Amino acid sequence: MQKSLKKTVIGFLLWNLFVFGLWIWSREGSVVHLRMIVDDNHHSLFCNGQLVDSFDVVQDQCLWSGRPGLGLSKDSRPPLVVKAQELYHFTVTDTHSGELLWGGTGPMSESDWTMMKGRFDFTGNNRIRTSFLSLGVVGDVRWQNYAIDVTCANPTELYIIYRMTDNDNYGRAQLRFWRELVVGFNYYRNGDQTFHRIKSLAEPLEQGIRSLMLRFVKVYVMAMLILCGFLMVFLLFSVLTQMIRKFLLRRTE
Amino acid sequence: MNTLSFNHSRPPVSQSADLLVMMIIICMAVIAFVGTAIINNRYLERIPHVQDSVNYWFQAQLYGMGRTWIEAPENVEYFASEHIVVQNNRWYCHYPFLVPLLFMIGMKFGYIWLVNPLIAALSVLLIGRICVEHFSRQSAVWAAVFLVSSPFFLVMSASFMSHPLGLLLTAACIYAGLRQLKNPSTGNAILLGAAIGLLFNTRPLTSFAVSLPIISFHIRNRDRFNGKVLRHLFIMGFIALIGVGLFLLYSSHLSGKTLQFATHTAVNDVKGPTSIKIVNRFFNSFAAAGVGKTGHTPERGLGCTKALIELLHTFAMNWPGWLNFSFFLIPLIPWRRREEDLFLYWTFLSIPLWYSLYWRSAIMYGPRYIYEVMPMVVILSARGMDVCMDAAGWIHRNSPMRHWKTLTVARSATAICLWVFTGWLVYTDVDQYVISDYYDMKKFPVVSLVPMRLSAMNGFNGVRRSIQDQVEKWNVTDAVVFVEDRRWQGFGSVSSFNHPRMDTDVVYARDKGQAGYPLILKMFPGKKAYWIAYPRAQLHTLEYNPDTDQYVKTMLKEQ
């Protein structure tokens with residue numbers, strides 16, 4: 001009996017230790033590092049170091065210079081998402097000279113950005129969020145060939161903007177990590193779409209599993225709370241009813 | 001970790017308690033039937049709203065004629081719905097036969113719209129039965145309540161999809177599986193095999209997903225089979241394979257080629273939309289599927305599964321915040337889990353795992369691909385309440401409190417608290433979804449194809465009865481009505497009013513421009529021509545003007 005109880009308690013503790021370990025591993029949720037390279041007419045997109053797509057755009061469909069930027073869409077996921085979509089570590093590097101054109105680890109503020117649509121919210125830990133479609137650009141319209149690096153936590157739908165001169169002339173990659181699982185590359189010249197390409201896209205396996213595990217752990221904690229709450233109420237009622245019984249017995253005596 | 005084997009006994013309960021539980025479950029089944037019938041009638045307007053449903057309806061009409069396919073009419077593309085195959089001049093729906101067969105029976109009685117509500121009621125009864133037989137009376141009541149209050153269950157059971165039957169048959173597999181694992185017998189093996197075989201003819205991939213845990217638990221519990229586990233598996237597999245054989249025979253009969261999927265062969269010779277070709281790529285070559293021709297990948301599969309699970313998490317119960325699914329995980333906490341619970345968890349996991357083989361999430365009425373996990377969700381959630389009670393009982397027995405004489409009173413009082421709390425959760429769910437007809441859009445923003453509140457079922461997926469209503473309002477008879485063909489939903493809204501024989505008084509056709517009008521009108525000499533806009537449902541007369549050699553539309557206006 002004692003041995004069985006010991007085994008049971010050890011098993012219980014080990015299981016919950018395992019769940020705690022899962023929480024440690026998954027608490028950041030899903031994080032993807034994106035790198036978009038625009039080099040003359042050659043374009044490449046990498047997700048966590050893996051090439052997603054690489055293609056050339058013919059001369060009359062392409063733009064040759066413009067500002068880089070980012071965009072975020074309204075979160076289309078159901079309300080119980082583990083964490084909101086956030087962008088951080090945004091840098092722009094010249095592909096020819098290797099010079100850092102913009103960004104780094106310093107703080108980001110609203111004044112650095114020219115908003116083309118919507119508004120970015122800057123969190124205390126130097127991250128960009130938004131609750132509606134927002135697009136912003138940085139830098140110089142004369143920039144030509146560059147690599148845009150950005151990290152996205154819990155991605156659903158985001159944009160990487162390149163070679164933007166104004167609202168009618170720009171290139172963009174629209175990355176949809178939730179449901180559709182595609183990336184669409186476009187160029188717009190004078191308001192008309194001159195280039196369109198679509199490619200399959202998904203979070204790396206480890207990141208997807210992380211966010212699912214975080215969801216599991218959170219629900220598990222709620223389950224634990226309900227069970228513990230129930231037992232606490234039970235103990236409370238037990239003590240109370242016992243006290244009342246004793247009191248009544250004493251009175252009848 | 002210790003697990004309690006299948007011969008865990010239920011606590012004895014009086015006959016009157018049994019009767020009360022039975023009455024409550026029957027009440028829940030009646031509520032499920034009436035509720036989903038009302039949703040179908042009032043919100044879905046008794047018409048199919050999704051391409052798949054239109055397909056089942058079409059095939060049911062064919063069965064009603066005593067046919068499985070029909071010669072495609074001339075210019076079939078004017079009458080074709082998405083996914084309905086035209087192959088070697090055969091016109092048919094390539095989906096498995098069981099759902100259209102049931103719809104055909106409903107159609108014969110004039111109550112096709114009550115088929116899925118009836119299946120919903122049977123599902124509630126069966127899930128209640130599973131709990132009564134294998135768990136507890138309390139869990140039976142709560143599982144029925146959880147199921148009937150689930151928005152996902154309500155909206156799906158009101159539809160014309162195959163998933164409600166998939167749920168019922170999955171519950172049947174669980175029922176037979178638990179019986180077999182508890183008391184192995186040839187009868188139970190046959191029942192299990194039949195349930196799997198029928199499920200294969202409803203949702204083939206789901207039947208694989210459900211079979212895997214059943215087989216693995218047979219092997220895990222082989223000691224219970226007195227060395228005859230292989231015999232039992234063979235019987236089960238043999239019966240299930242009869243179902244698979246029926247599927248293949250039916251499929252090859254449709255395609256006209258021996259032992260080939262109708263879907264498989266359709267890819268090479270299909271008129272109509274490209275979506276069917278994409279579906280067929282799934283069967284032809286996994287690597288060829290996927291957007292952008294990059295193929296299906298594990299990452300893509302996980303991405304789809306993640307979206308489905310996230311939606312299920314919110315939509316299956318619709319409880320406040322993180323309380324969703326919390327009862328579901330309680331049986332996973334304690335130190336001594338029951339084999340039945342593990343079997344249900346494994347079956348729950350198996351379904352999304354199998355659907356991660358699919359390259360898209362295909363959300364419609366919610367995360368429909370994994371709808372068949374609902375029996376596991378509600379049973380395990382109800383089991384969560386059992387576990388709370390069991391834990392209290394364990395403390396009672398294994399602490400100095402065991403000598404206290406008031407513990408039964410305390411336990412009952414705590415149980416009432418738990419029931420009130422659970423009742424509040426269920427009430428908030430029903431209130432948000434049905435009673436108040438309110439759902440905070442900030443909480444659940446732009447997930448299209450998930451009816452966020454009951455009223456969102458009206459005109460769901462862009463399909464409306466308003467076109468047919470206009471035709472009836474203007475007393476249009478003996479006519480061809482061309483429907484504006486911007487999206488499939490236009491013709492999809494009325495395709496169920498056509499008949500495969502094309503002999504209805506009013507025939508609907510897709511509007512494909514001026515060239516199409518004489519083509520179609522020549523097929524139906526003497527019929528008048530009309531044109532109707534979609535989605536505004538404005539009816540126009542369509543008359544030929546010899547001067548311009550064009551058909552002219554004139555909108556009908558009330559005097």
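Analyst: Accessible areas here come from the Shrake-Rupley method with a 1.4 Å probe, and for residues only the protein chains shown count as cover. On that basis chain B exposes about 21,700 Å², with carbon and sulfur atoms supplying 61%. For chain A the exposed area is about 12,200 Å², and carbon and sulfur atoms supply 57% of it.

User: What kind of model is this, and how are its parts numbered?

Analyst: This is a predicted model, in which local features need pLDDT of at least 70 and side-chain atom pairs count only at pLDDT 80 or more, while totals for chains, interfaces and linings use all residues. Residues are numbered from 1 along each chain as its sequence is written, chains are lettered from A and ligands numbered from 1 in the order in which they are written, and side-chain values use heavy atoms, with hydrogens and water left out.

User: Why is His396(B) counted as buried?

Analyst: Buried means under 20% relative accessible area, exposed means over 50%, and partly exposed lies in between (1.4 Å probe, protein chains only). His396(B) has 19% relative accessibility, so it counts as buried. The residue is placed in helix H16 (residues 374-397) of chain B; helices are DSSP runs of H or I with at least four residues, strands are E runs of at least two, and both are numbered from the N terminus.

User: What is His396(B) in contact with, leaving aside its neighbours within four places in sequence?

Analyst: Contact means heavy atoms within 4.5 Å. By that rule His396(B) is in contact with Phe234(A), as well as with Met401(B), Arg402(B) and Leu407(B), once neighbours within four places in sequence are set aside.

User: Is His89(A) buried, exposed or partly exposed?

Analyst: His89(A) has a relative accessible area of 47%, which falls between the two cut-offs, so it is partly exposed. It is found in strand S5 (residues 86-94) of chain A. His89(A) also has a positive phi of about 50 degrees although it is not a glycine.

User: Which residue in the loop between S9 and strand S10 (550-555) of chain B has a positive phi?

Analyst: That residue is Asp549(B). Its phi is positive, about 55 degrees, although it is not a glycine.

User: What makes the bond from Tyr534(B) to Pro535(B) a cis peptide bond?

Analyst: The omega of that bond is near 5 degrees, and the bond is cis. Pro535(B) sits in the loop between strand S8 (528-532) and strand S9 (539-545) of chain B.

User: How do you know whether Thr156(A) is buried or exposed?

Analyst: The relative accessibility of Thr156(A) is 2%, therefore it counts as buried. Its place is the loop between strand S11 (146-153) and strand S12 (157-166) of chain A. Not counting residues up to four places away in sequence, Thr156(A) touches Asp75(A), Arg77(A), Gln85(A), Leu175(A), Arg176(A), Phe177(A) and Trp178(A).

User: Why is Tyr43(B) called buried?

Analyst: Tyr43(B) has a relative accessible area of 9%, so it is buried. It is found in helix H1 (residues 15-43) of chain B. Beyond the residues up to four places away in sequence, Tyr43(B) touches six others by name: Ile38(B), Leu454(B), Ser455(B), Met457(B), Asn458(B) and Gly459(B).

User: What does the radius of gyration of chain A say against that of a compact globule?

Analyst: The radius of gyration is taken over C-alpha atoms, and the globule rule is 2.2 Å times the number of residues to the power 0.38. A compact globule of 253 residues would come near 18 Å, but chain A has 27 Å. Its C-alpha atoms fill a box of roughly 100 × 40 × 30 Å along the principal axes.

User: How is chain A divided into domains, and how far apart do their centres lie?

Analyst: Domain bounds come from an automatic or database domain assignment. Chain A has domain 1 (2-24 + 208-252) and domain 2 (31-203), and their C-alpha centres lie 47 Å apart. The contact takes five residues from domain 1 of chain A and four residues from domain 2 of chain A. In chain B, domain 1 (15-43 + 94-386) and domain 2 (460-555) have C-alpha centres separated by 39 Å.

User: What are the helix and strand counts and the buried shares of the chains?

Analyst: Chain A has two helices and 15 strands, and buried residues make up 50% of its 253 residues. Chain B comes to 20 helices and 10 strands, and buried residues make up 61% of its 559 residues.
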